[in-house]
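Trainee: I have a structure open beside its sequence, and I would like to learn how to read it feature by feature. Could we go through it together slowly?

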Amino acid sequence: MVQALYQAHMTGEAAGSVVDPFIAEHNMKRADLAYFREVMRGIEAEQSTLEEAISHPMDRDYDELDPIATAILQIGAYELINRIEVPYRVVLNESIELAKLFGASESHRYVNSILDNIARQYRTVEMR
């Protein structure tokens, strides 16, 4: 998903419009394609909600985020807000691992702090 969102960002396309071409061009045999489609299209449909949730705890403008961090934060925020069955700790851990793999050297710390803030806002019951 990170790569597909990065592609959408770099080409200026909507996240949902890169789904089918991305699947056709990449080996997605082990991927949950229904989940991939849902999250990608959900990110597109809820762009303003996600941007607001991500921007709220940030110490800079949303537009100043690099495309990789933006993609990881969008995925994490979407899952925290819309996929309540996915435990918040799993969302944070996966996002941190993605940031370590694809992001800048210390971006995982920033991703963790932003998503932790979003989890506190949207998953208050679960975090107790």
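Mentor: Let us begin with a word we shall need throughout: a helix here is a DSSP run of at least four residues, and helices are numbered from the N terminus. With that in hand we can place a residue, for Q74 lies in helix α5. Please keep in mind that this is a predicted model.

Trainee: How should I judge confidence, and in which helix is confidence lowest and in which highest?

Mentor: The score to look at is pLDDT, the predictor's confidence in each residue, which runs from 0 to 100. The protein averages 94 on that score, and 100% of the residues reach at least 70. Confidence is lowest in α8, with a mean of 86, and highest in α5, with a mean of 97.

Trainee: Going back to Q74, is this residue buried or exposed?

Mentor: The cut-off for buried is a relative accessible area under 20%, and Q74 counts as buried because its relative accessibility is 8%. Leaving out residues up to four places away in sequence, Q74 touches L5, I43, Q47, L50, I54 and Y62. With one of these, Q47, the side chain of Q74 also makes a polar contact of 3.3 Å. T70 lies in helix α5 as well, and T70 is buried at a relative accessible area of 9%. Beyond its neighbours within four places in sequence, T70 is in contact with Y62 and L65.

Trainee: How much of α5 as a whole is buried?

Mentor: Of the 16 residues of α5, 13 are buried, so the helix is largely enclosed by the rest of the structure. We can also check its length, because 16 residues at 1.5 Å a residue should span 22 Å, and the end C-alpha atoms of α5 are indeed 22 Å apart. At the start of this helix, a side-chain oxygen of D66 comes to within 2.9 Å of the backbone nitrogen of I68.

Trainee: How do I read a helix that has buried residues on one face?

Mentor: The general idea is that an α-helix has 3.6 residues a turn, so residues three or four places apart point the same way. In helix α1, residues 2-11, the buried residues are V2, A4, L5 and A8. Seen down the axis of α1, these buried residues fall within an arc of 165°, so they line one face of the helix. What covers them includes α2, α3, α5 and α6. After α1 comes G12, whose phi is positive, near 80°.

Trainee: Which residues touch the most other members of the largest nonpolar core?

Mentor: As a general tendency, nonpolar side chains in soluble globular proteins are buried together. Here the largest nonpolar core has 41 residues, and those touching the most other members are F36, M40, I54, L65, L80 and I118. At least two residues of this core come from each of α1, α2, α3, α4, α5, α6 and α7, and the largest share, 9 residues, is supplied by α5. To follow one member, look at L80: not counting residues up to four places away in sequence, L80 touches Y88, V91, L92, L115, I118, A119, Y122 and R123.

Trainee: Which helices do the buried residues of α7 pack against?

Mentor: Helix α7 covers residues 107-122, and its 16 residues should span 22 Å at 1.5 Å a residue, which agrees with the 22 Å between its end C-alpha atoms. Its buried residues are S107, H108, Y110, V111, I114, L115, D116, I118 and A119. They pack against α4, α5, α6 and α8.

Trainee: What about residues that are neither buried nor exposed?

Mentor: Partly exposed means lying between the cut-offs of 20% and 50% relative accessible area. E44, in helix α3, is partly exposed because its relative accessible area is 36%. Not counting residues up to four places away in sequence, E44 touches A14, A15, G16 and S17. P21, found in helix α2, is partly exposed at 37%, and its C-alpha atom is 9.5 Å from that of A4, although the two are 17 residues apart in sequence. E94, in helix α6, is partly exposed too, with a relative accessibility of 46%.

Conventions: Residues numbered from 1 in each chain as written. Heavy atoms only, no water. Expected span 1.5 Å × (residues − 1). Buried < 20%, exposed > 50% of the residue type's maximum accessible area, 1.4 Å probe, protein only. Contact = heavy atoms within 4.5 Å. Polar contact = N/O pair within 3.5 Å; in protein donor to acceptor, adjacent residues only side chain to side chain. Arc of directions from axis to C-beta. Core = buried A, V, L, I, M, F, W, Y, C linked by side-chain atoms within 4.5 Å.
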